[in-house]
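This briefing covers one protein chain. It begins with a single helix and the loop after it, then turns to a set of paired strands, a second helix and the chain totals.

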Amino acid sequence: MSLLYTRIAASRRRIDPDAADYIAAVELSLGYAVSNIKKSAISSFIKIEQASGRWNASGRFFFPIWEQAAANAICMKTQTSGTFSGGVTHGAGFVQGNGSNGHFSYGVNPADIGITSNSGTIFFLSITTPTNSSFPGHIGCRQGSNAGVTGGISILSSGNFVSGVSTDQSSNQQVSVAALGGSTLGLYVTTRRTSTDMQAYARRSSGMVTGTQSTALSGEPSSRILWGLGMNGETAFRSNGKQGFYGAVDIGLSGEQVEAFTLNLKTLWETCTGLTLP
């Protein structure tokens, strides 16, 4: 057996089994092999999450870098697929809605993955600022006629960042964009450890910033989690910004955990795409 063959075989054995399952599902959709660099990065990301205990949380992790809808729809953790609808661009390292009907359904309600108003985390990577609306709904849940940022993340024209796992869209659930560094770009994480403890974080190339909201939540949305959801069910408010990663888990994270999690996400995305975090 040649030395090269031995090294390749050893490298393959080092790929984490969960990573191998995800990579196999992606390769089946793509019809070709994922590069060794990407395989190694995905495996390293999952191993770090496993060691931290975050990987054991119930949730969804979507990594839409593959330039193909079927591959981008696969959950990294469960290998189940969500559903893209409408006009969505699948670019190199990102997905982008068209600002009208383009969106993505995770295929689960918050309760399906254990998220409540007392415990849960929502995250996404914003690569470009939406240009089509003053109220871009990045991540959200429909709740009757009140949709958009319900149980999710959005930027309002008032300059506030709306976040949480709740049916409440009032000012009680808002953290100012100024408090998060004045930018709508970067890795955003909103997490609840108790019903009155909501923290919003943003990681950018320049570092981490934090915003706090301590008001109790009013309720829990019971409908599907969507990316690119228009506020109040109006398609005019769907985001046309580019996103490179998004998901949700059923646990609240400490500031230290968010720091480690977002650094791990940053390394994964930058390694696999060759791009730099905003």
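What covers the buried residues of α2? The cover includes α3 and α4 (69-72). The model is a predicted one, and the points below are grouped by topic.

**Helix α2**

- Helix α2 spans residues 17-30 and is made up of 14 residues.
- From its first C-alpha to its last, α2 reaches 20 Å, close to the 20 Å expected at 1.5 Å a residue.
- Six names make up the buried set of α2: A19, Y22, I23, A25, V26 and L30. They lie on the same side of α2, because the arc they cover around the axis is only 160°.
- P17 and L28 are exposed, and they sit on the face of α2 turned away from its buried side.
- At the start of the helix, a side-chain oxygen of D16 comes to within 2.8 Å of the backbone nitrogen of D18.
- G31 follows α2 and has a positive phi, near 85°.

**V34 in the loop after α2**

- V34 belongs to the loop that runs between α2 and α3 (36-52).
- Is V34 buried or exposed? Its relative accessible area is 5%, so V34 counts as buried, the cut-off for that class being under 20%.
- With neighbours within four places in sequence left aside, the contacts of V34 are I23, V26, E27, K39 and W66. Two of these partners, I23 and V26, are also among the buried residues of α2.
- W66 is 32 residues away from V34 along the chain, and the C-alpha atoms of the two are separated by 9.5 Å.

**Strand β11 and its partners**

- Strand β11 takes in residues 186-194 and is mostly covered, with seven of its nine residues buried.
- Which strands pair with β11? One is β6 (residues 120-126), which runs antiparallel to β11 and is joined to it by seven bridges. Another is β12 (residues 197-204), also paired in the antiparallel sense over seven bridges.
- In the pairing of β6 with β11, S126 stands opposite G186.
- In the pairing of β11 with β12, V189 is placed opposite Y201.
- The connection from β11 to β12 is a hairpin of two residues.

**Helix α5**

- Helix α5 covers residues 255-273, which is 19 residues. At 1.5 Å a residue these should span 27 Å, and the end C-alpha atoms are 27 Å apart, so the two values agree.
- The buried residues of α5 include V258, F261, L265, L268 and W269. The buried set also includes T262, N264, K266, E270 and C272.
- Just after α5 comes G274, whose phi is positive at about 75°.

**The chain as a whole**

- The protein chain holds five helices and 15 strands.
- Its length is 278 residues, of which 53% count as buried.
- Among contacts with a separation of 6 or more, 65% are between residues 24 or more positions apart.
- The protein chain exposes about 10700 Å², and carbon and sulfur atoms supply 51% of that area.

Terms used: Residues numbered from 1 in each chain as written. Predicted model: local features only at pLDDT ≥ 70, side-chain atom pairs only at ≥ 80, totals over all residues. Heavy atoms only, no water. Helix = DSSP H or I, 4+ residues; strand = E, 2+ residues; numbered from the N terminus. Buried < 20%, exposed > 50% of the residue type's maximum accessible area, 1.4 Å probe, protein only. Contact = heavy atoms within 4.5 Å. Expected span 1.5 Å × (residues − 1). Arc of directions from axis to C-beta. Polar contact = N/O pair within 3.5 Å; in protein donor to acceptor, adjacent residues only side chain to side chain. Areas by Shrake-Rupley, 256 points an atom, 1.4 Å probe, with all protein chains shown as cover. Pairing = 2+ DSSP bridges.
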